[in-house]
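Here is a short note to help you find your way around this structure. Have the sequence and the 3D view open as you read.

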Amino acid sequence: MPTVLSTSSFAGLDLEVEQDAPLGARTWFGVGGRVEWLIKPRSEMALSQLLRRCTEDGVAVRVLGEGANLLVDDEGIDGVVVQLTHAAFRATRFDGSSGDVSLEAGSGCSVSLLTTECGRRGLAGIEQLIGIPASLGGAIKMNAGGKYGDIASAIRSVRLMNTSGSTEEVSTSEAKFSYRGSSLPEGIIVSACLQLGEADAQLLRSRMKEISAYKANSQPLKDNSAGCMFRNPVDPQTNQRVSAGMLIDRAGLKGTVLGSAEVSDCHGNFITVVKEGHARDVRALAELVQHRVKAHCGISLEREVVFWTKPRDHS
């Protein structure tokens, strides 16, 4: 059986610790339960010590970024959730000149703030991520992106910390980034090095405004959602990726309501939930959409949004 944690389990570590912490409220859905322990390390050393201790005690550890691609079960979850919000994980350093600039950034950095700063400096490479609500670590983990490109195109290397608390650097070629994924080893992303290039600052900012305007006009940004619920699937007949939103629309599912959750009328690949709603409604509606789309066109939709739940006892 896993170790039962207490405050003394974290004694001597430089951590900010909150027991029985609201977790669903920290996600973009704004619904869901609590977590047994929410922990914010104040340094990489503290994170390393925490991971070693949790590994020794058999305690599950998950990482929360900005909560933009996550649904937490109404019953909450056990174990430890780590959030890298302290300054040690938000440091940035720009280096280089003559058109070749690198950006070293902590995984807790806001992608939105990074894209804005790069635009201000006239540095191209991550402008395609404007408007994506994510921490840098979360964006790298899922290779975040959209119509205008993904983050993998700008990554030079990623630094990971494994469950024993040791760090390793993984190059882009080793990571083997793919559509909404990668072959990164298991571990927590602590920082990354991004490749940027000098560009005309005015043209770059115009490009970012264009991307932002497109998203504002085509996505329900004011509603509680986690962005696209499903990955764009590969059509087995053409072997090409097709829009999940288009398939959902063609199946007549826009506007479908189940309890407190709804398939957005604005964009079929967004499931929204009302304030004070329930994670179970979002999950049930996502499953309904998968079933209906499969029945309509024979294509299976795979979730992009991560669902966190407690282990179920099937005995």
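The points below go through strands, cores, a pocket and one helix residue.

1. Before you start: this is a predicted model, in which local features need pLDDT of at least 70 and side-chain atom pairs count only at pLDDT 80 or more, while totals for chains, interfaces and linings use all residues. Residues are numbered from 1 along each chain as its sequence is written, and side-chain values use heavy atoms, with hydrogens and water left out.

2. Strand β2 is a good place to begin. Helices (H or I, at least four residues) and strands (E, at least two) are DSSP runs, numbered from the N terminus. Of the 8 residues of β2 (residues 34–41), 6 are buried, so this strand is largely enclosed by the rest of the structure. Buried means under 20% relative accessible area, exposed over 50%, and partly exposed in between (1.4 Å probe, protein chains only).

3. What does β2 pair with? Strands β1 (residues 15–22) and β2 run antiparallel, joined by 7 bridges; pairing requires at least two DSSP bridges between two strands. E16 has K40 in β2 as its bridge partner. Strand β5 (residues 77–83) runs parallel to β2, with 4 bridges, and V35 is bridged to I77 in β5.

4. Next, look at the largest nonpolar core, a set of buried Ala, Val, Leu, Ile, Met, Phe, Trp, Tyr and Cys residues joined through side-chain atoms within 4.5 Å. Among its 31 residues, I126, L136, I140, V158, F177 and L184 touch the most other members. At least two residues each come from β7 (100–106), α2 (111–121), α3 (136–141), β11 (155–161) and β13 (188–198). The most, 4 residues, come from β13. A second, separate core has 25 residues, including F29, V242, A279 and L285.

5. The second largest pocket has 16 lining residues, with E104, A105, R159, S191 and A192 nearest its centre. A pocket here is an open set of points on a 1 Å grid over the protein atoms alone, where a 1.4 Å probe fits, with protein on both sides within 12 Å along at least five of seven lines; lining residues have an atom within 4 Å of a point. The elements β6 (92–97), β7, β11 and β13 give two or more residues to this lining, and the largest share, 4 residues, is from β13.

6. Finally, find M246 in helix α6 (residues 244–250). M246 counts as partly exposed because its relative accessibility is 29%. Its C-alpha atom is separated by 22 Å from that of G181, 65 residues apart along the chain.
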